[in-house]
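Please read the following briefing alongside the sequence and the coordinates. The points are grouped by topic, and the cut-offs behind each term are given where the term is introduced.

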Amino acid sequence: MILPSGSLDKLPIYAALGVAEIWRYDGQVLRFYGLNEESKSYQEISQSLAFPWLDISLIPQWLEQRLIIGETAVLKQVRQWAIEQKKYNI
């Protein structure tokens with residue numbers, strides 16, 4: 001789940017709902033947070049729990065490209081990238 005910015009800290013709400021992973025993007029840096037079940041709080045993690053093979057640096061690049069070449073073109077690139085990853089069993 002990628003969180004929009006806002007003044008209300010929604011992390012406790014997501015923790016209470018049991019959302020295992022949160023992604024936060026501040027316009028430059030993407031960070032992953034995993035839910036600690038014991039403390040019901042989030043800690044920053046180095047890779048996605050849902051997509052452990054995903055290179056975290058790719059997503060901000062795709063978001064920047066969206067502004068240059070458009071969302072549809074970037075979606076096509078991401079789709080092609082995913083096909084290539086599947087081809088190589090990554």
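Strand E3 and strand E4 (residues 41–45) pair in the antiparallel sense over 5 bridges, where two strands count as paired if DSSP finds at least two bridges between them. This is a predicted model, in which local features need pLDDT of at least 70 and side-chain atom pairs count only at pLDDT 80 or more, while totals for chains, interfaces and linings use all residues. Residues are numbered from 1 along each chain as its sequence is written, and side-chain values use heavy atoms, with hydrogens and water left out.

**Overall layout**

- The protein chain holds 3 helices and 4 strands, these being DSSP runs numbered from the N terminus (helices: H or I, at least four residues; strands: E, at least two).
- Read from the N terminus on, the elements follow the order β-α-β-β-β-α-α.
- Of the 90 residues of the protein chain, 23% count as buried; buried means under 20% relative accessible area, exposed means over 50%, and partly exposed lies in between, with a 1.4 Å probe and protein chains only.
- About 6,600 Å² of the protein chain is exposed, and carbon and sulfur atoms supply 56% of that area; accessible areas come from the Shrake-Rupley method with a 1.4 Å probe, and for residues only the protein chains shown count as cover.
- Among contacts (heavy atoms within 4.5 Å) with a separation of 6 or more, residues 24 or more positions apart account for 27%.

**Strand pairing and hairpins**

- Strand E2 (residues 21–25) also pairs with strand E3 (residues 30–36) in the antiparallel sense, over 5 bridges, and within this pairing Trp 23 has Phe 32 in E3 as its bridge partner.
- The hairpin of E2 and E3 has 4 residues between the strands, and Gly 27 takes a positive phi near 100 degrees there.
- On the other side of the pairing list, Asn 36 has Ser 41 in E4 as its bridge partner, and the hairpin of E3 and E4 has 4 residues between the strands.
- Lys 40 lies in the loop between E3 and E4, and its phi is near 55 degrees, a positive value in a residue other than glycine. Most residues other than glycine have a negative phi.

**Salt bridges**

- The structure holds 2 salt bridges, a salt bridge being a side-chain nitrogen of Lys or Arg within 4 Å of a carboxyl oxygen of Asp or Glu.
- One of them joins the side chains of Arg 31 and Glu 44 at 3.5 Å, N to O; because Arg 31 lies in strand E3 and Glu 44 in strand E4, the pair ties together parts that are 13 residues apart in sequence.
- Arg 31 counts as partly exposed, at 31% relative accessibility.
- Lys 40 forms a salt bridge with Glu 37, with the closest N and O atoms 2.9 Å apart; Lys 40 is partly exposed, with a relative accessible area of 44%, whereas Glu 37 is exposed, with a relative accessible area of 51%.

**Nonpolar cores and the contacts of Trp 81**

- The largest nonpolar core has 8 residues in all, namely Trp 23, Leu 30, Phe 32, Leu 54, Leu 58, Ile 59, Trp 62 and Val 74; such a core is a set of buried Ala, Val, Leu, Ile, Met, Phe, Trp, Tyr and Cys residues joined through side-chain atoms within 4.5 Å.
- E3 and helix H2 (58–69) are the elements that give two or more residues to this core, and the largest share, 3 residues, comes from H2.
- A second, separate core of 7 residues includes Leu 11, Tyr 14, Ile 22 and Tyr 42.
- Leaving aside neighbours within four places in sequence, Leu 54 is in contact with Trp 23, Ile 59 and Trp 81.
- Trp 81 lies in helix H3 (residues 71–87) and is partly exposed, with a relative accessible area of 21%. Not counting residues up to four places away in sequence, Trp 81 touches Trp 53, Leu 54, Leu 58 and Trp 62.

**Nonpolar surface patch**

- Leu 8, Ile 13 and Leu 17 form a nonpolar patch on the surface, with about 320 Å² of accessible area together; patches are made of residues with over 30% relative accessible area and no salt bridge, like charges being joined within 9 Å and nonpolar side chains (Val, Leu, Ile, Met, Phe, Trp, Tyr) within 5 Å.
- Within this patch, Leu 8 has its place in the loop between strand E1 (2–3) and helix H1 (11–17), and Leu 8 is exposed, with a relative accessible area of 54%.
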